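Here is a friendly walk through a structure you may be meeting for the very first time. Each turn asks what lies behind a description.

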Amino acid sequence: MTFSIRRVSAIVRKDVKDLIKNAYAILITIFLPLGLAAMLSRSGSDDASLLGTPINLALVITGAFVQATIMAEEKEKNTLRALLLSPATRMEIMLGKSFLSSLITILVVIGSIFISKMQVPGLFYFTIMILLSLIIFISFGTIIGLVSRTVMETSIVGLPLLVIFTYGSLISTMLDNAVVSTIITYLPTESFSSALIILEQNGGFSEIKWHLLNMLIWAISSLIIAVIVYGKSRFDK
Amino acid sequence: MKHEIEVRQMVKSFGKKSALNGVDFHVQKGEIFGFLGPSGSGKTTMVKILTSQLQHTSGSVQVFGTDVSKLRDSSQLKRIGILTDNSGLYDRLTVYENLELFCKLYDVDVKRIDEVLEEVNLIQDKKTVVSKLSKGMKQRVTLVRALLHKPELLFLDEPTSALDPTNKQQIHASLRKLNESGTTIFLSTHDMQEAEYLCQRLAFLDHGKIVELDNPHNLRSKYGDSTINLVLRNGSRIQIKQNENGAQSIAQYITNGELMSIHSNEPTLGEIFIQLTGRSLQ
């Protein structure tokens with residue numbers, strides 16, 4: 001099987017042209033995390049652990065939902081089938097279709113950091129955690145987009161994801177249930193926030209390794225599921 | 001002769017319902033093969049199986065001499081072109097931008113876009129946004145997309161269903177030209193005139209089974225009633241059997257200067273289909 005950068009860049013360029021003509025559709029997913037970051041900067045707090053909230057929001061909303069919208073639209077308009085029946089390989093299409101949403105998410109994460117005026121603790125580990133989160137939420141976005149029949153349906157299918165992953169801690173506090181609380185601690189967003197606090201308190205690899213491992217497992221699992229769901233979309237039942 | 005498509009005892013079932021039942025046929029290299037049948041007869045299912053979008057339940061399906069599952073490889077997909085009812089376009093992009101993407105995916109020079117758009121009379125709409133095109137124009141754009149890379153084997157599922165007679169004629173001419181340059185075409189249609197004009201061989205499909213398969217000429221001869229219709233100068237119409245007596249009668253009418261027109265009484269493909277299945281193609 002050959003890999004063609006030309007084909008991947010053709011898909012990316014098409015997505016850029018398409019998105020420019022439909023930019024308003026993703027504005028809310030971009031402005032929500034940036035708005036939250038702006039609110040944080042006004043609070044005057046320099047507590048880096050607070051940075052986890054807009055970043056998680058950027059990853060969940062911008063990453064997953066932009067990706068879900070892109071995939072669902074391809075499916076709804078029957079253009080995904082045309083791509084799948086072209087010589088572009090599965091990997092080329094997946095990479096091409098994920099590039100734009102990944103880029104937008106990274107820009108929103110960077111934007112959130114700058115707007116919130118907070119110092120990023122442990123830049124190296126922080127970058128690794130961002131990359132793992134990106135794989136997790138772009139994969140989730142791909143899955144949501146492919147299982148939804150229409151773009152509208154992505155909001156319904158993706159809403160539980162948004163609530164659970166973004167407001168995990170809040171749900172845990174509200175329910176006051178030991179089992180639920182334990183499950184929530186294994187969410188990648190919770191690992192991300194916890195690791196961020198540890199890094200801020202000058203913790204190192206040994207203190208955050210289980211959080212990193214948890215995020216790595218989430219990244220691998222979600223990527224595998226996305227590949228399986230994507231593979232199935234080539235065929236009719 | 002090498003067969004581009006070979007289907008043997010193929011069955012496709014959806015649960016307990018069988019959509020295609022023991023289908024047998026082959027398509028020779030360079031021919032236009034028609035799959036003619038009414039809606040719901042299994043034509044689209046057949047195209048989907050032949051393009052590996054759908055798996056058959058049993059039997060054998062070979063394309064380019066290998067199992068149809070091999071069509072999932074990039075190198076094989078480059079050899080085929082597909083136009084089906086589920087071929088979508090990017091609505092917000094222009095005709096050119098849509099086709100440019102597929103030129104790059106198929107490694108085709110973008111100069112080819114103008115060439116094919118010219119053939120289907122769409123060159124003037126090159127910069128039009130797809131959402132502003134009519135249904136027929138969109139259908140022509142998807143056809144152009146399927147033709148961009150000059151495929152060896154082209155699958156067409158109702159390619160002219162949304163077109164007006166003029167554009168239909170233009171598409172037919174393009175398809176013939178493509179076929180003359182070596183492309184094998186598998187055409188699924190319920191349009192008997194289209195099938196008659198384009199296809200070298202035809203399979204009639206009814207309730208998932210091929211009920212007849214031959215070239216249009218043989219089919220008409222086989223299902224015709226061997227009579228000849230004469231119209232005489234006095235306005236009367238006479239039907240004569242094709243035998244020695246009939247030949248003598250015709251000779252007599254000609255000698256007497258009474259004959260105005262003469263036509264063999266061949267059935268249309270639609271009439272043959274009704275004879276075979278008891279239902280019409282529409």
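Q: Which strands of chain B does helix α6 of chain B lie across?

A: This is a predicted model, and in it helix α6(B), residues 165–180, lies across β3, β7 and β8 of chain B. Its direction is at about 155 degrees to β7(B). Angles over 145 degrees count as roughly antiparallel, so at about 155 degrees α6(B) is roughly antiparallel to β7(B).

Q: What about helix α5 of chain B: which strands does it lie across?

A: Helix α5(B), residues 135–147, lies across β6 and β7 (153–157) of chain B. The angle to β6(B) is about 170 degrees.

Q: In what order do the six strands of the open sheet in chain B come?

A: The order is β6-β7-β8-β3-β9-β10, and the pairing is mixed.

Q: What makes β6 and β10 of chain B edge strands?

A: Each of them pairs on one side only. These two are β6 (80–83) and β10 (209–214). As for twist, neighbouring strands of this sheet are turned by 15 degrees against each other on average, with direction ignored.

Q: How do you know that β3 and β8 of chain B pair?

A: Two strands pair if there are at least two bridges between them. Five bridges join β3(B), residues 32–36, to β8(B), residues 184–189, so the two count as paired. They run parallel, and B:L36 has B:T189 of β8(B) as its bridge partner.

Q: Why do β4 and β5 of chain B count as paired?

A: The cut-off is at least two bridges, and two bridges join β4(B) to β5(B) (residues 66–67), so the condition is met. These strands run antiparallel, and B:Q62 stands opposite B:D67 in β5(B). They form a hairpin with two residues between them, and B:F64 in the turn has a positive phi of about 55 degrees.

Q: Which other strand does β4 of chain B pair with?

A: Strand β1(B), residues 3–14, pairs with β4(B), residues 58–63, in the antiparallel sense over five bridges. Here B:E6 has B:Q62 as its bridge partner in β4(B).

Q: Turning to chain A, why are helices α5 and α6 called oblique to each other?

A: Helix α5(A) (90–116) and helix α6(A) (123–147) pack at an angle of about 130 degrees, with their axes 10 Å apart. Roughly perpendicular covers 65 to 115 degrees and roughly antiparallel needs over 145, so about 130 degrees fits neither and the pair is oblique. The crossing is right-handed. Among the residues that meet are A:M94 and A:I113 in α5(A), and A:F126 and A:T142 in α6(A). The residues of this contact divide into eight nonpolar, five polar and no charged.

Q: Why are α3 and α5 of chain A called roughly antiparallel?

A: The axes of α3(A) (residues 52–76) and α5(A) come within 9 Å and cross at roughly 160 degrees. That is over 145, therefore the two helices are roughly antiparallel. This crossing is right-handed. The contact includes A:P54 and A:E74 of α3(A), and A:K97 and A:I113 of α5(A). Its residues divide into eleven nonpolar, seven polar and two charged.

Q: Where does UniProt place "domain: ABC-2 type transporter transmembrane"?

A: The unreviewed UniProt entry places this feature at residues 60–227 of chain A. Over those residues the chain is 85% helix and 0% strand, and the end C-alpha atoms are 19 Å apart.

Note on methods
Residues numbered from 1 in each chain as written. Chains lettered and ligands numbered in written order. Predicted model: local features only at pLDDT ≥ 70, side-chain atom pairs only at ≥ 80, totals over all residues. Heavy atoms only, no water. Helix = DSSP H or I, 4+ residues; strand = E, 2+ residues; numbered from the N terminus. Axes fitted to C-alpha atoms, helices over the stretch in contact; angles between N-to-C directions. Contact = heavy atoms within 4.5 Å. Parallel < 35°, antiparallel > 145°, perpendicular 65-115°, else oblique. Left-handed = near helix turned anticlockwise from the far one by under 90°. Nonpolar A, V, L, I, M, F, W, Y, C, P; charged D, E, K, R; others polar. UniProt positions renumbered as here; feature names shortened; annotations may be inferred.
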